[in-house]
Amino acid sequence: MADDGANKANPGKQQAVEGSSNVPAASFDTDKLRQLIQQLEAQSLSRDPGASKLQREEAAEKVAVHEFWSTQPVPKSSEEVKDDGPLHPPLAPEQIPKDPYALPEGMEWCLIDIEVESEMKEFHDLLLNNYVEDADSMFRFNYSLEFLRWALLPPGFNKDWHVGVRSSSTKELIAFISGIPVDMMVRDKKIRMAEINFLCLHKDMRSQRMAPLLIKEVTRRVHLVGIFQAVYTVGRLLPKPVSTCRYFHRSLNPKKLMDTGFSQKLEGAQLAKTVSSLWLPTLSTTPGLRPMRKGDVGQVRKLLNRHLKTRYDVLPVFVTDAEIAHWFLPREGVVSTYVVDDAEAPGKLSDFISFYSLPSSVLKPVGGARGKGVVRKPQGVKPQPAYTSINAAYLFYYGTKTDYGVTLTEDEKQACGSQKKAKESVKNRENALIKSRLTELARDALISAKQAGFDVFNCLDMMDNSMFTRELKFGPGDGYLRYYFYNYRARTVSADKIGFVML
Ligand SMILES: CC(C)(COP(=O)(O)OP(=O)(O)OC[C@H]1O[C@@H](n2cnc3c(N)ncnc32)[C@H](O)[C@@H]1OP(=O)(O)O)[C@@H](O)C(=O)NCCC(=O)NCCS
């Protein structure tokens with residue numbers, strides 16, 4: 001998953017195909033010819049060992065055939081999206097099937113009641129044994145029961161969107177997909193969407209075209225309540241991401257990360273140097289930092305909505321205090337939120353930062369006793385249990401007042417020479433303030449995560465995260481996360497303009 005900064009992105013060689021300019025325009029369909037050339041280029045790049053993994057993947061996607069996604073309202077991978085808007089208008093009630101899609105024989109649809117312990121346990125176990133793994137199958141996400149309740153029961157949740165599939169004979173849960181409602185802003189448009197997550201098929205059920213059925217069924221249920229857009233994230237490349245973000249990792253427990261194979265193993269002086277460079281103090285440094293309490297909810301909502309709206313192009317809108325209370329009030333083992341009491345305005349908050357806990361199971365304990373649960377030590381030394389889990393914290397949202405009310409004096413405006421330059425100058429000052437404040441807040445988040453026993457702190461290069469990842473010694477990982485919309489075509493959004501975190 002991670003390599004603590006040692007990951008090298010190979011820029012690769014892109015070979016241009018020559019010769020097209022001599023073709024007489026009249027005798028060929030030039031659009032088709034261009035397409036053909038692009039396909040040939042993509043094919044050769046997708047096999048070019050000199051190209052980076054990302055380049056090869058993107059090139060392969062240009063020529064990939066998508067039996068399912070080609071039938072869905074999403075832009076084609078080869079399409080250049082030039083404007084934003086739905087691909088099809090809202091469906092009339094009679095256009096929405098009333099009955100669930102037919103499943104293959106031996107399977108039946110079910111709902112998972114997240115509030116019923118036994119059903120939750122089944123869902124949890126399906127994910128525990130079958131959910132997302134890294135490319136080398138060394139780690140698998142291990143969402144806790146409490147986390148799943150948090151993720152799937154926000155205010156306004158719809159229990160019909162917690163869809164499962166059972167074996168008709170054994171009643172075993174073999175697949176799941178879910179949605180929750182979210183008010184999204186995509187640039188200047190506010191759109192009620194379904195946020196689709198936790199698509200999971202039992203390993204024995206793979207490659208049987210079940211995923212399209214699950215996606216169509218949850219879509220039908222979302223359509224039934226008059227919602228026609230969705231947002232989802234996937235590691236792999238499909239038609240067609242609105243944004244591609246990269247994972248970054250900050251080691252808190254470098255030795256364990258190396259022992260589990262999460263980070264590249266270092267020895268001797270190199271190890272000592274790395275460990276010392278990753279050292280963190282035990283106490284946070286921002287004056288007034290404390291855990292969020294109930295009374296902070298309203299102020300956190302204002303801070304967050306304002307920060308998201310002024311900084312990013314894709315963002316959720318937190319309409320009610322109940323949503324903020326749900327997503328941000330600290331929950332043991334799930335989400336931690338710290339607020340900062342404003343020293344200059346008693347009773348007011350100046351900032352907040354939050355992170356959530358998502359451990360990964362270690363699938364192949366490293367250390368000579370794979371699969372047996374112990375790492376063998378030399379004779380006479382008691383065997384140590386192998387690591388079974390990596391405790392990972394993931395950066396959630398933050399907000400700050402630090403950039404409020406930045407203005408230029410009359411002299412400074414004069415010195416700028418034009419209104420455009422003056423605006424730029426304000427923006428630069430705001431960015432500098434935000435960078436310095438977020439670096440402080442994120443450092444404190446690292447400190448409290450380390451004190452709470454987390455091994456690694458992860459984030460994407462989304463939001464303003466790139467302002468502090470380098471300074472705080474995050475390293476690029478080998479994973480990417482792509483953002484997609486269903487039935488909404490949107491011009492590409494750069495990672496730093498994505499303000500929406502998916503769990
Ligand atoms: C994701 C998963 C459900 C896909 O199942 P599968 O058996 O590989 O795929 P199926 O044969 O059922 O369906 C294939 C189709 O689903 C699409 N698909 C696969 N994974 C998808 C995903 N995560 N999101 C959307 N579409 C997906 C494929 O692109 C393909 O459609 P196409 O022919 O148009 O390209 C399964 O691999 C799984 O449970 N993986 C572990 C959990 C996981 O990664 N979940 C996704 C989290 S984003």
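How far apart do the end C-alpha atoms of residues 259-364 lie, and how much of the span is helix and how much strand? Here are my notes on this predicted model, starting with that question.

1. **The C-terminal domain record.** The end C-alpha atoms of residues 259-364 lie 11 Å apart. Helix accounts for 32% of that span and strand for 24%. These residues come up because UniProt, in an unreviewed entry, lists 259-364 together with 381-494 for "domain: Glycylpeptide N-tetradecanoyltransferase C-terminal". Please keep in mind that annotations of this kind may be inferred rather than shown by experiment.

2. **The N-terminal domain record.** From the UniProt record, again an unreviewed entry, comes "domain: Glycylpeptide N-tetradecanoyltransferase N-terminal" at residues 91-245. Over this stretch the chain is 24% helix and 32% strand. The C-alpha atoms at the two ends of residues 91-245 are 32 Å apart.

3. **Who surrounds the ligand.** You will find 22 residues around the ligand, and those that come nearest are His66, Trp69, Leu199, Leu201 and Ser207. Sorted by class, this shell has 13 nonpolar residues, five polar ones and four charged ones.

4. **Polar contacts to the ligand.** Three pairs are worth showing on your screen. A backbone N or O atom of Ser207 sits 2.6 Å from an oxygen atom of the ligand, so Ser207 appears both here and among the residues that come nearest. For Glu67, a backbone N or O atom is 3.3 Å from a ligand oxygen. Arg236 takes part through its side chain, with a polar atom 3.5 Å from an oxygen atom of the ligand.

5. **How covered the ligand is.** On its own, the ligand exposes 850 Å², and the protein buries 84% of that. The elements giving two or more residues to the shell are β5 (189-201), α5 (210-224) and β6 (230-234). Which element provides the largest share of the shell? That is α5, with four residues.

6. **The second largest pocket.** This pocket holds about 830 Å³ of space. Its lining is made of 32 residues, and Gln38, Lys62, Ser77, Ser78 and Glu79 are the ones nearest its centre. Two helices, α1 (30-46) and α2 (53-62), each supply at least two lining residues. The largest share, nine residues, comes from α1. By class, the lining of this pocket has twelve charged, eleven polar and nine nonpolar residues.

7. **The cavity.** How many cavities of 30 Å³ or more does the count come to? The count comes to one. About 50 Å³ of space lies in the largest cavity, and its lining consists of Ala151, Leu152, Ser178, Ile180, Glu195, Asn197, Phe198 and Leu503. Two or more of these residues come from each of α4 (145-152), β4 (173-186) and β5. The largest share, three residues, is from β5. By class, the lining of the largest cavity counts five nonpolar, two polar and one charged. If you are following β5 through the model, this strand gives residues to the cavity lining and also to the shell around the ligand.

8. **Two backbone spots to look at.** Pro239 and Lys240 are joined by a cis peptide bond, with omega at about -25°. Lys240 belongs to the loop between β6 and β7 (243-251). The other spot is Ser137, where phi is positive, near 50°, in a residue other than glycine. Ser137 lies in the loop that runs between α3 (117-130) and β2 (139-141).

Technical notes: Residues are numbered from 1 along each chain as its sequence is written. This is a predicted model: local features need pLDDT of at least 70, side-chain atom pairs count only at pLDDT 80 or more; totals for chains, interfaces and linings use all residues. Side-chain values use heavy atoms; hydrogens and water are left out. On a 1 Å grid over the protein atoms alone, a cavity is a set of points where a 1.4 Å probe fits but cannot get out, and a pocket is an open set with protein on both sides within 12 Å along at least five of seven lines; lining residues have an atom within 4 Å of a point. Grid points are joined across faces, edges and corners, and a volume is the space filled by probe spheres set on the points. Ala, Val, Leu, Ile, Met, Phe, Trp, Tyr, Cys and Pro count as nonpolar, Asp, Glu, Lys and Arg as charged, and the others, Gly among them, as polar. A residue is near a molecule or strand if one of its heavy atoms lies within 4 Å of it. A polar contact is a pair of N or O atoms within 3.5 Å; within protein, one must be able to donate a hydrogen and the other to accept it, and residues adjacent in sequence count only if both atoms are side-chain atoms. Accessible areas come from the Shrake-Rupley method with a 1.4 Å probe; for residues, only the protein chains shown count as cover.
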